[in-house]
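Subject: Structure handover

Hi,

Here is the structure I promised to pass on to you. Please have a look at it first, and then read my notes underneath.

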Amino acid sequence: MIDPYSDIWSEFENGEVKCILLEVFIDLLLSWAILEISVGISHALERRFQWTRSPVLRFILQTVLTIVTVGCVLYLQHLVFYFIYGDVELTESQNMNVWRFVWVSIFVSVIVSAVHTGYFFLQRWQLSMSEATALKLKTAELKEIAMQAELQSLKLQLDPHFMFNNFSTLSELINEDPAVASEFLNNLSRVYRYMIQNLKKDLVQLKVEIEFLKSYIYLMKIRHDDNMQVIIQLDENVMDSAIPPVTLQMLTENAIKHNIATGNSPLVIHIICKEGYITITNNLQRIAHTIPSTGMGLRNITDRYRILSGREPVIAETDTTFYVALPVLNL
């Protein structure tokens, strides 16, 4: 079909219909085999010799294997025709046509392989562009969430009630017990130092977050006395894992903010590690007529975990308890 002046056309015109149909069928079968072989070789090489790792070696192997395999298929076709027609002596023109057919078949197979490879690269390019766009969106979203977390913690630092309560407590302690006042001031400075140093980080070590949380709890216990208890039961093997900064403090603050804490009904907060999660649980004793919560703190924590790890905390509430399970992450 490529060469309209080929002698084979005259053979078709003078040949028997049965022979013509048989040859057309075999040629179509051969064309299908060449196409499948060209694409199949490309798929097979992709498993072990990827274009991204060794493009030169991949190009040489794919081209050589395509040519050799197609050559084998053409030889198989020769055997089929030999079986059907026997040993036929070809004229010089027919012999030239056969070789032309061989080279055209090999050329077409290489072209098919190249087109398939080009399509593969186009798909990879589209995928990389899509991933780059998704990464940019994810980065922008993470920056926004990090800014929200930073603002949330800055509010805590600049919250006049938080500052007044701590400075008022410190003033009383200076008069009553200077040693405790000194320890209170040390923990207060640790809280602010941690926030300033770590707020812009995506993750911090759990042991660093726990040390910060202990300083924060110390401030709260000085103010609430035994009305509030925080029990931390974490194994050493989990201390090297990671957590978004200020997460435990925000959850502890939420528990204190929304629940009653008295001598008869103390607020008890448990922090444990269980089945790959760090669980923060508190007994539920809601403050009556409290200002409705915006849920910004929990939403911020959920968004940060979703972006950083693709996993989200488990948040649940029963009649008596409220708990948040944070997935254990790696630095």
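L185 has a relative accessibility of 44% and therefore counts as partly exposed, since that class covers values between the 20% limit for buried and the 50% limit for exposed. This residue belongs to helix α6. Its C-alpha atom is 9.1 Å from that of L219, although 34 residues separate the two along the chain. Do keep in mind throughout that this is a predicted model.

L219 is also one of the α7 residues that take part in the contact with α6, so let me turn to that helix pair.

**α6 and α7**

Helix α6 covers residues 178-198, and its axis comes within 9 Å of the axis of α7, with a crossing angle of roughly 135°. That angle makes the two helices oblique to each other, because it is not over the 145 degrees that would count as roughly antiparallel. The crossing of α6 and α7 is left-handed. On the α6 side, the contact is made by V180, E183, F184, N187, L188, R190, V191, Y194 and M195. On the α7 side, the residues are V208, E209, F212, S215, Y216, Y218, L219 and I222. Sorted by class, this contact has 12 nonpolar, two polar and three charged residues.

**α7 and α8**

Helix α7 (residues 206-224) also packs against helix α8 (residues 247-258), at an angle of about 25° and with the axes 8 Å apart. This makes α7 roughly parallel to α8, as the angle is under 35 degrees. Here the crossing is right-handed. From α7, the contact draws on L206, E209, I210, F212, L213, Y216, M220 and H224. From α8 come T247, L248, Q249, T252, E253 and I256. Eight of the residues in this contact are nonpolar, four are polar and two are charged. If you compare the two α7 lists, you will find E209, F212 and Y216 in the contact with α6 and again in the contact with α8.

**α8 and α9**

How do the axes of α8 and α9 cross? They come within 10 Å of each other, at roughly 155°, where α9 spans residues 296-309. The two helices are therefore roughly antiparallel, and their crossing is left-handed. In this contact, α8 contributes T247, M250, L251 and N254, while α9 contributes G297, L298, I301, R304 and Y305. The division by class is five nonpolar residues, three polar and one charged. T247 of α8 appears here as well as in the contact with α7.

**Two backbone angles for you to check**

Most residues other than glycine have a negative phi. Two residues in this model are worth a look on that account:

- V246 has a positive phi, near 70°. This residue sits in the loop between β3 (242-243) and α8. With a relative accessibility of 1%, V246 counts as buried.
- E275 has a positive phi too, near 55°. This one is in the loop that links β4 (267-274) and β5 (277-283). With 71% relative accessibility, E275 counts as exposed.

**A residue in strand β2**

Is I231 buried, exposed or partly exposed? With a relative accessible area of 29%, I231 is partly exposed. The residue is part of strand β2, which runs over residues 228-233. Leaving aside residues up to four places away in sequence, I231 touches V268, I269, H270 and I271. The C-alpha atoms of I231 and I280 are separated by 9.7 Å, with their positions 49 residues apart along the chain.

**The chain overall**

Finally, some totals for your records. The protein chain contains nine helices and seven strands. Of its 331 residues, 33% count as buried. The chain exposes about 20700 Å², and carbon and sulfur atoms supply 62% of that area. Among the contacts with a separation of 6 or more, 73% are between residues 24 or more positions apart.

Happy to talk any of this through whenever it suits you.

Best wishes

Technical notes. Residues are numbered from 1 along each chain as its sequence is written. This is a predicted model: local features need pLDDT of at least 70, side-chain atom pairs count only at pLDDT 80 or more; totals for chains, interfaces and linings use all residues. Side-chain values use heavy atoms; hydrogens and water are left out. Helices (H or I, at least four residues) and strands (E, at least two) are DSSP runs, numbered from the N terminus. Buried means under 20% relative accessible area, exposed over 50%, partly exposed in between (1.4 Å probe, protein chains only). Contact means heavy atoms within 4.5 Å. Accessible areas come from the Shrake-Rupley method with a 1.4 Å probe; for residues, only the protein chains shown count as cover. Axes are lines fitted to C-alpha atoms, for helices over the stretch in contact, and angles run from 0 to 180 degrees between N-to-C directions. Angles under 35 degrees count as roughly parallel, over 145 as roughly antiparallel, 65 to 115 as roughly perpendicular and the rest as oblique. A crossing is left-handed if the near helix is turned anticlockwise from the far one by less than a right angle, and right-handed if clockwise. Ala, Val, Leu, Ile, Met, Phe, Trp, Tyr, Cys and Pro count as nonpolar, Asp, Glu, Lys and Arg as charged, and the others, Gly among them, as polar.
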